Structure formats: C-alpha cells, structure tokens
Amino acid sequence: MILGIDVGGTTVKFGVVSAKGEISQIKAYDTVEWATKGFVDSLKAAIKEYLTLVPELSGVGIGWPGLLSVDRKTVIALPNIPAVKDLPITDILAEAFPGLPVKNENDAKCATIGELYFGKTEGLDNFVLVTLGTGVGSGAVIDKKLFLGARGNGMEIGHMILDNGKSLEQHIGISHIVAYATARLEQEKPKSLLVGAEISPKTIFEAAENGDAFAISVFDYVGEKLGTNLVSVIRVLDITTILLGGGIAGAFKFIEPMTRKTIEKFMPPYYTKDLVIDQAYLTNQVGLLGAAGLLMDKVQVA
C-alpha cells in the first residue's frame, strides 16, 4: 500500500492506493490553511497520522504543482506555496520518517503516470496527456517511459507562447476562458443563455449542452488554441495519441472537433491519418494514483 499525495492550489489530497489502483482513506486538507500555519509541518503531521492509521504503508508519492530538481528531491518553484520553494523535501521527510521511501513528481506528470498504469491505456506505448483546468498541464509517455527532459521539467506546454506574447495557459486556463466569454458577451450582446448568468466553465458547458451557439463557440475557441499548440507538440514528438484530462475536459465533445480541425489544417496526412484525440479515462483521483505509482516499480523515465 502506498500513500499518494496530490498537492493542489486549493486542497492537498491524501489517499492510500493499492497495486490495483484502489483508493481508500481519502482525506483533503486546505492548502491555504497549511501554508499559513506551516506547510511542511502540516505535511509531516498528516503523513504521521496515516502511518498510525495504516502501518503497512510502504512509501509516499507526492505530486507538486511546480518545477522539481532533476533528482526529484527538491521543489524549486511552487507559485501557490512559496514557503516550499527550494526546500529539499525528500531529505526533510527522510529525516522525519527514517526508512520510508518518498518520491516526488510534477502533478501533471503524476496524472500521466496515473493514466499509463491505471487508465484505459493498456498497450499504449506513446501518448501525450493534457490537463485542462486552472492551468494547462501536460506529460508525455514515449516508448512506455515518462518523458522528463534534460533537467526534469520538460513538457510544460501550457507555457508555450501562442500569440500576443501569451501562453496557452493564458488563453485557456479557467479564468481566461471566463474572461474571454465575458468580454465577448459584453461586446457582441449575442442571443445566448449566458446573458445575465454567472459565467463559469460549468454554465458555459450547460448552455452548450442546450444547443447555445455562443457557448459552443467559446469551446471552439478553446479547441482552436489547443489545436494550434498541439501542432507544435506533435511535430516535435511525432506522437499520434492525445488524451485530454482535467476539469475542462468534461466538455471534450465540444472541444475536440475544433482541436482536430485546427491540427488537420496545419499538418500533412502523415501526422493526421492515425491521430487519436480522446478523453482521459481517469478523473478527480488521477493525481493520487499517479503519485502512488511513483513507488510501484513501474515507472521508467526517458
């Protein structure tokens, strides 16, 4: 049994994960509260509680929403939790819990590991996972190996620049989708179910489900920006399978058509004839599964 920990900007999730991907003893802690009273001390206290609760735990895997050192022992950039920046977290936890293996990874790469070992990816040796949510995360598996890059922090496609000096994340992160839809509503004054409504990905999706042309056009915008970005990703990695995960990916059926259309507009048949764009199988707990997967002797890195 492995303790998986998924550190997020809102909550820090814990769960005990079996080799079959079964999750139990799930708890969530408030990230801001932890950061206020001492994040590392709170982390150690929670791990200690789990070790008392589940003595047979054989290791701890942690997914972090930021950049890690190449040896995966230090969190070197974590915008939401500045107190953790540059802390040798593996050494700190090793001192607190001698003999307990601890492994760290970027959260989007953990999600990729989760999909690889616990999703519907059996026999799938090469794919890119894109997580659409507050930000845009991503990970790649090449020949069944997690791709890290030369210094351990490759595949940050959310920070690739598209146009006007803005990154993909600055176009289709949640707050930016909301801002885009709000601005268009004010400027265009369309006939839409969203007029006068609170604008959120949920309300945009609900309107699209009801056939609202404006709401569907917002997801077309998301698909076009994502497709433009993926043209470069596919060219660089020569990969044929794209999985979309994260909260916004719940609108997959509205995002995928324009994503594919954009890719096909800019790429020859060599790349597009076998292209698969699919929704990721795992949902909310993928980060816990992937974090635990770090300790399951399955993960190889390129």
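## A walk from a salt bridge to the cores

Glutamate 256 and arginine 260 pair up in a salt bridge, with their closest N and O atoms 2.8 Å apart. This is a predicted model, so take what follows as a reading of a prediction. Both partners sit in helix α9 (residues 252-266), and because they are four residues apart there, about one helical turn separates them. Their surroundings are worth checking one by one: glutamate 256 is buried, with a relative accessible area of 15%, while arginine 260 is partly exposed at 21%. Elsewhere, salt bridges with shared partners tie Asp163, Glu224 and Lys225 into one network.

How many salt bridges are there by this rule? The count comes to 13. One of them joins the side chains of arginine 72 and glutamate 105, at 2.5 Å from N to O. That pair links distant parts of the chain, with the two positions 33 residues apart: arginine 72 lies in the loop between β5 (67-68) and β6 (75-77), and glutamate 105 belongs to strand β7 (residues 102-106). Are these two charged residues buried or exposed? Arginine 72 has a relative accessible area of 11%, so it counts as buried. Glutamate 105 is buried as well, at 3%.

Now look at aspartate 86 and lysine 85. They also form a salt bridge, and here the closest N and O atoms are 2.9 Å apart. Aspartate 86 comes out as partly exposed because its relative accessibility is 44%, and lysine 85 is partly exposed too, with 45%.

Next, the nonpolar interior. In soluble globular proteins, nonpolar side chains tend to be buried together. In this model the largest nonpolar core has 43 residues, and Val130 and Ile242 have the most contacts inside it. At least two residues of this core come from each of β8, β9 (136-142), α5 (168-172), α6 (174-188), α7 (201-209), α8 (213-237), β13 and α9. The top contributor is α8, which gives eleven residues. To see what surrounds one of the hubs, pick valine 130: setting aside neighbours within four places in sequence, its contacts include Val136, Ile157, Leu226, Leu230, Ile242 and Leu244. There is also a second, separate core of 29 residues, with Leu3, Leu57, Leu93 and Val102 among them.

Ile242 leads us to strand β13 (residues 241-245). Five of the five residues in this strand are buried, so β13 is largely enclosed by the rest of the structure. Which residues lie on each of its faces? Thr241, Leu243 and Gly245 are on one side, Ile242 and Leu244 are on the other, and both faces are covered. The strand has partners as well. With β8 (residues 127-132), β13 pairs in the parallel sense over four bridges, and valine 128 stands opposite isoleucine 242. With β14 (residues 276-279), β13 again runs parallel, joined by four bridges; in that pairing threonine 241 faces valine 276.

Another well-covered element is helix α11 (residues 286-293), where eight of the eight residues are buried. Those residues are Val286, Gly287, Leu288, Leu289, Gly290, Ala291, Ala292 and Gly293. What covers them? The cover includes β1 (2-7), β2 (11-17), β3 (23-30), β4 (60-64) and α4 (107-118).

Valine 17 shows the view from the β2 side, since that is the strand where valine 17 is placed. At 0% relative accessibility, valine 17 counts as buried. Not counting residues up to four places away in sequence, valine 17 touches Met1, Ile2, Glu22, Ile23, Leu288, Leu289, Ala292 and Met296. Leu288, Leu289 and Ala292 are among the buried residues of α11. For a sense of distance, the C-alpha atoms of valine 17 and glycine 137 are 23 Å apart, and these positions lie 120 residues apart along the chain.

One last stop is serine 42, found in helix α2 (residues 39-53). With a relative accessible area of 9%, serine 42 is buried, because the cut-off for that label is under 20%. Where does its side chain reach? It goes to the backbone oxygen of glycine 38, at 2.9 Å. Beyond residues up to four places away in sequence, serine 42 touches Trp34 and Lys37.

Notes: Residues are numbered from 1 along each chain as its sequence is written. This is a predicted model: local features need pLDDT of at least 70, side-chain atom pairs count only at pLDDT 80 or more; totals for chains, interfaces and linings use all residues. Side-chain values use heavy atoms; hydrogens and water are left out. Buried means under 20% relative accessible area, exposed over 50%, partly exposed in between (1.4 Å probe, protein chains only). Two strands pair if DSSP finds at least two bridges between them. Contact means heavy atoms within 4.5 Å. A polar contact is a pair of N or O atoms within 3.5 Å; within protein, one must be able to donate a hydrogen and the other to accept it, and residues adjacent in sequence count only if both atoms are side-chain atoms. A salt bridge is a side-chain nitrogen of Lys or Arg within 4 Å of a carboxyl oxygen of Asp or Glu. A nonpolar core is a set of buried Ala, Val, Leu, Ile, Met, Phe, Trp, Tyr and Cys residues joined through side-chain atoms within 4.5 Å.
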